[in-house]
Amino acid sequence: MDWESIFSNTLESAIGRDAMVFALAAIGLNLHFGYTGLLNFGQAGFMAVGAYGVGITVVEFDAPLWVGVIVGIVGAVGLALLLGLPTLRLRADYLAITTIAAGEILRFIFRAAEFRDFTGGSNGINGFARDFTNANPFNGDFELWLISFSATQMWYLTVGWALVLLSVLLIWLLTRSPWGRVLKAIREDEDAVRALGKNVYAYKMQSLIVGGVIGSLAGMMLAISARSVQPDNYGTPTTFFAYACLILGGAATIWGPVVGSMIFWSIMAFTENLLRQLVENDHIPDSIMSGVQVGQVRFMLMGLGLALLMIFRPQGVFGDRREIALTTR
Amino acid sequence: MTETTPSPNTGFTRIRVDAFEDVPEQPGARKPDPILVVESLTRRFGGLMAVDVDHLEFQRGAITGLIGPNGAGKTTLFNLLTGFDKPNTGTWSFNGRPMRGLSAHKVAQAGMVRTFQLTKALSRLTVMDNMKLGATGQTGERFFPSLVRSRWRGQEKAIEERAEALLERFNLHHMRDEFAGALSGGQRKLLEMARALMVEPELVMLDEPMAGVNPALAQTIIGHVRDLAADGLSVVFVEHDMDVVRTVSDWVVVMAEGRVIAEGRHASIVTNPEVIDAYLGRHHGTPLDPAEQERQLAEAQAEIEAELEAEERAREQEGA
Amino acid sequence: MSRLLRGAVAGIGLLVVVGTLLWASPAGAQEPGADDPAEQEPGQSQQVSGTLRYKDDSGEDVFVEGLEVTVESADGSFSETVTSDEDGRWAVEVPGPGRYTASIDPDQLPEDVSLRDEDRSALTVTLAEGESRAVLFALQSGEGGRGGSHFFDRAARLSVEGLKFGLIIAICAIGLSLIFGTTGLVNFAHGEMVTWGALVAFFFNVTLGWPMVLSAAIAVVVGAITGLGIDRGLWRPLERRGTGLIAMLVITIGVGILIRYVFLYQFGGFTRTYADYQLQTEGLELGPVTIVPRDLATILISLGVLVAVALALQLTRIGKAMRAVADNRDLAESSGIDVERVVGYVWAAGAGLAALGGVLLGLAEQVDWLMGFRLLLLMFAGVILGGIGTAYGALIGSIVIGLLVQLSTLWVAPELKNVVALLVLIIILIVRPQGILGQAERVG
């Protein structure tokens with residue numbers, strides 16, 4: 001058993017690409033679900049719009065990367081408007097079904113051969129990250145104790161975590177203000193807020209847009225760091241993962257989604273590495289678990305963990321139980 | 001009947017009494033200075049005509065009681081007038097301004113604020129935050145300005161002072177930093193009224209403000225309702241209890257099966273045969289046949305249980 | 001709390017049963033989707049490749065051998081033509097990154113094969129440095145692409161397909177709707193009940209070699225018991241604990257993920273077929289449509305079951321109680337109905353029907369670990385279209401969705417057919433959230 005490699009992988013995952021991407025996605029969801037009570041299950045759709053915005057703009061239209069980023073953000077705003085205008089009047093559980101359907105529609109369209117000339121169909125898009133790679137100020141590998149990253153990794157992690165910090169700052173500024181007070185009130189009882197003369201609909205829309213744009217940044221960072229856009233990376237399970245991160249850390253808290261994502265991905269890495277080593281060193285016989293099945297066990301644990309958290313500690317690590325919207329209205 | 005409003009310099013009580021002096025006690029009666037006028041308003045649920053009001057006026061500066069048996073359409077009328085529900089036909093105007101089609105928040109912004117039968121104190125916000133939420137026109141509630149604290153700090157302070165004064169008046173000041181969920185049922189009713197006043201309305205619409213509170217607190221609430229009118233506000237409130245209606249209202253509107261069946265001062269209402277038939281008869285009239293008695297008993301029982309349950313659920317949620 | 005722990009133990013026990021049941025299945029675990037060799041081919045050089053195949057009427061893959069494929073670079077400097085091998089595979093080495101067009105001549109295709117879309121005989125891909133790409137020509141058995149002259153024949157055929165698919169969705173979705181109606185729970189793990197039924201039947205039919213009908217019956221019973229067990233072991237204790245509906249919704253997501261990956265773990269990522277009723281080409285001729293006995297049986301069984309369900313809801317005590325609880329839970333409770341017991345029956349019946357739906361779906365298509373999850377959104381679409389919480393609504397809505405999905409392929413590419421159904425779902429939620437049969441809720 002190589003414990004050092006297990007711990008090194010776990011530590012790297014805590015601050016690695018997935019933790020960064022899902023921290024961003026979960027920060028967006030936190031504004032939706034944690035603060036406003038909007039059960040958005042289409043976050044993967046916002047991520048896809050960000051990623052494809054970058055990919056299509058750069059590859060198909062030969063535009064520079066920054067134009068792609070702007071297109072991605074504008075796309076996310078557009079999706080929020082398109083999705084929000086008709087659906088934000090619906091009840092929480094109906095909203096969940098609508099948004100999950102919208103996310104799937106987007107994925108079907110992105111991977112359809114019909115639009116292959118733009119989206120690359122099920123193969124996705126490659127070759128749009130050159131501007132990003134060229135701007136890399138790092139050279140040589142980075143090593144610190146058990147952690148080592150390549151220069152490329154260091155670059156996208158630096159940019160990604162900087163975006164995380166900026167998003168956290170934004171959420172903090174928003175939620176401490178009277179604007180945030182209205183959101184929290186809507187989460188509790190939107191009729192009461194309406195009766196006090198607030199345009200509940202507009203607030204929900206603003207929340208959906210801001211959280212969706214942060215989600216699109218997550219999608220862009222996933223695409224840029226992987227140097228490719230794959231449609232199936234933006235399916236419903238991605239949204240579920242983001243929820244798992246958010247709930248683990250604590251919805252309706254500033255740092256909950258960030259810490260939740262770090263814990264989530266280090267647990268995933270730890271169990272995967274541990275099981276893989278156990279399998280490889282024949283502590284677990286092949287008849288019970290093969291190498292491929294290790295990945296599946298992780299997902300079982302994740303599903304079980306999500307259910308147990310919601311039953312026994314819905315407020316997550318940091319949260320205040322009283323602050324979570326757990327009932328339909 | 002078309003007599004002009006008396007000068008506001010005289011005592012309020014006198015004005016109110018004067019205001020109704022020439023008003024005929026009949027459904028749809030014209031008032032000298034109506035703040036809210038309803039015209040042929042209907043709302044249908046499936047086959048049931050929940051509201052069917054030909055013409056109804058509410059006098060400015062007066063306390064109007066809206067009574068009627070269960071299912072008479074009082075709350076539905078409230079919902080329609082305040083933009084929480086959409087009518088099938090009809091119009092209504094507030095201060096002469098047509099209100100049909102306005103969404104609930106626009107109605108509130110226009111100066112017509114309501115409370116709810118089941119109190120909607122936002123229990124996971126503090127009492128103070130509940131109050132601040134009521135203030136309109138806040139810079140800090142707009143998206144971009146909210147990011148810069150200096151742009152809304154001053155206004156926030158002013159709002160807080162206004163809220164403090166109202167909390168003082170409603171005897172809730174000692175609870176200002178508690179979660180609203182920690183308040184008793186009666187305190188929540190008070191908070192909801194105080195919060196409604198933060199909107200600075202002209203017309204306050206209270207949906208059963210005295211329901212489910214103990215008699216002592218009910219008296220307090222009645223006092224507050226009177227104070228509102230004394231401050232020049234117009235008040236419409238829904239109530240079951242005839243006694244409460246008698247002590248506090250200047251004018252009474254009776255609804256049954258969606259229609260306005262009578263209007264007038266309390267004294268005339270209680271002797272109105274139609275009202276006795278439709279409403280009082282069922283509760284205070286001559287002996288009922290046993291089946292009907294049984295049915296009403298069961299109904300009352302269910303109502304009480306539902307209320308208890310709702311309260312318990314609310315308590316559990318806070319406790320959790 | 002102790003109830004909940006007991007529930008958790010029961011749940012884990014259930015999973016162990018799942019495990020042992022599926023243990024004997026030929027689950028050589030393999031990553032799903034790894035069955036396309038062209039995409040997996042590693043190599044230093046770059047190539048454009050593909051596999052020419054289509055599904056015949058019974059859903060079997062057929063490979064096209066000896067068809068010429070031409071690959072040209074965008075600037076015309078490179079062009080090569082190859083012929084597909086016996087597995088339908090073809091591959092062209094290309095000189096470097098760039099844009100390439102692969103084309104086939106539709107006239108060269110075998111008699112009974114055609115392009116699904118006649119306009120897509122040439123496909124363009126863009127290759128990055130060192131990258132290889134697979135391109136897929138969408139082939140189908142039979143004549144004529146979209147908008148072809150046999151429009152009405154296809155419409156008739158697709159209507160029958162749609163009816164069958166819709167009936168299957170309906171059987172799966174009744175439970176979803178009734179559970180929502182009686183408890184308010186939006187069950188995101190309902191798809192797993194469908195898969196569960198299909199897998200249990202697979203175990204008995206394929207692994208043990210028992211007859212299909214018997215296996216299906218066992219699957220329904222096991223499904224119903226599972227549903228009851230989940231209600232007793234999980235939802236009832238949670239409800240007593242006062243867990244909110246949104247929390248429960250998230251819990252169903254977690255449980256759904258858990259169960260899905262247990263299925264994958266045990267069953268593997270393959271799609272497989274039942275042992276019986278697979279190869280059927282002779283069937284009932286109805287004008288342009290040929291219905292094979294399997295499909296006819298599916299339609300008749302579904303109709304029969306749905307009529308039985310409707311009668312049970314209408315005539316039996318427990319059926320009436322279910323409708324009463326779905327209509328107004330508090331009122332039902334106060335009039336002496338044991339709501340918890342009724343909900344238990346709803347879970348058992350709903351899960352049993354879902355299991356049956358899973359078996360029928362497995363017969364109509366194939367069995368795999370994700371089949372129920374893929375169906376979930378279509379079930380939601382059907383249920384919401386018809387009016388969530390109403391049993392009859394779920395029935396009608398599902399049939400409409402089934403028809404829509406199939407008939408939409410007359411105009412859109414088959415891979416987009418679900419998009420149409422999901423769009424309908426969203427539009428219905430916006431325009432008439434109470435569904436076709438539902439009644440408007442009273443506000444306040």
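This passage walks through selected features of a predicted model, from one whole chain to single strands, helices and ring contacts.

Chain C makes a convenient starting point. Its secondary structure comprises 13 helices and 13 strands. Of the 444 residues in chain C, 52% are buried. Sequence-distant contacts are well represented: when contacts in chain C between residues at least 6 apart in sequence are considered, 70% of them join residues at least 24 apart. The accessible surface of chain C amounts to about 18,900 Å², and carbon and sulfur atoms account for 58% of that area.

Attention then turns to chain B and its strand β9, which spans residues 251-256. Six of the six residues of this strand are buried, so β9 of chain B is largely enclosed by the rest of the structure. Both faces of the strand share in this burial: B:W251, B:V253 and B:M255 point one way, B:V252, B:V254 and B:A256 point the other way, and all are buried. The pairing of β9(B) with strand β3 of chain B (residues 63-67) is parallel and runs over four bridges. Here B:V253, which belongs to β9(B), is the bridge partner of B:L66. With strand β10 of chain B (residues 259-264), β9(B) pairs in the antiparallel sense, over five bridges. In this case B:M255 has B:V260 of β10(B) as its bridge partner. The hairpin formed by β9(B) and β10(B) has two residues between the strands, and B:E257 takes a positive phi near 50 degrees in that hairpin.

Chain A offers a helical counterpart for the reader to inspect. Helix α9 of chain A, covering residues 178-188, is mostly covered, with ten of its eleven residues buried. Among the buried residues of α9(A) are A:P178, A:W179 and A:G180 at one stretch of the list, together with A:I186, A:R187 and A:E188. The charged residue A:R181 is also buried in α9(A).

Aromatic contacts are considered next. Over all chains, the structure holds 29 aromatic pairs. One of them is formed by A:F299 and C:Y261, whose rings are stacked at 4.5 Å centre to centre with 25 degrees between the planes. Because A:F299 lies in helix α14 of chain A (residues 291-312) and C:Y261 in helix α6 of chain C (residues 245-267), this pair joins two chains. Both partners are buried: A:F299 has a relative accessible area of 16%, and C:Y261 has a relative accessibility of 15%. A second pair is made by C:W90 and C:F137, which is tilted because the ring centres are 6.4 Å apart and the planes stand at 40 degrees. C:W90 lies in strand β6 of chain C (residues 89-94), whereas C:F137 lies in the loop between β10 (133-134) and β11 (139-141) of chain C, so the pair ties together parts that are 47 residues apart in sequence. Here too the partners are buried, with relative accessibility of 4% for C:W90 and a relative accessible area of 1% for C:F137.

The stacked residues A:F299 and C:Y261 also belong to one aromatic cluster, which they form with A:F22, A:F241, A:F264, A:W265 and C:W369.

Rings in chain B also meet charged side chains. The charged end of B:R114 sits over the ring of B:F84, at 5.2 Å from its centre. B:K120, in turn, lies over the face of B:F116, 4.9 Å from the ring centre.

Methods
Residues numbered from 1 in each chain as written. Chains lettered and ligands numbered in written order. Predicted model: local features only at pLDDT ≥ 70, side-chain atom pairs only at ≥ 80, totals over all residues. Heavy atoms only, no water. Buried < 20%, exposed > 50% of the residue type's maximum accessible area, 1.4 Å probe, protein only. Phe/Tyr/Trp six-rings, centres within 6.5 Å; stacked < 30°, edge-to-face > 60°. Lys NZ or Arg CZ within 6 Å of the ring centre and 35° of its normal. Pairing = 2+ DSSP bridges. Contact = heavy atoms within 4.5 Å. Areas by Shrake-Rupley, 256 points an atom, 1.4 Å probe, with all protein chains shown as cover.
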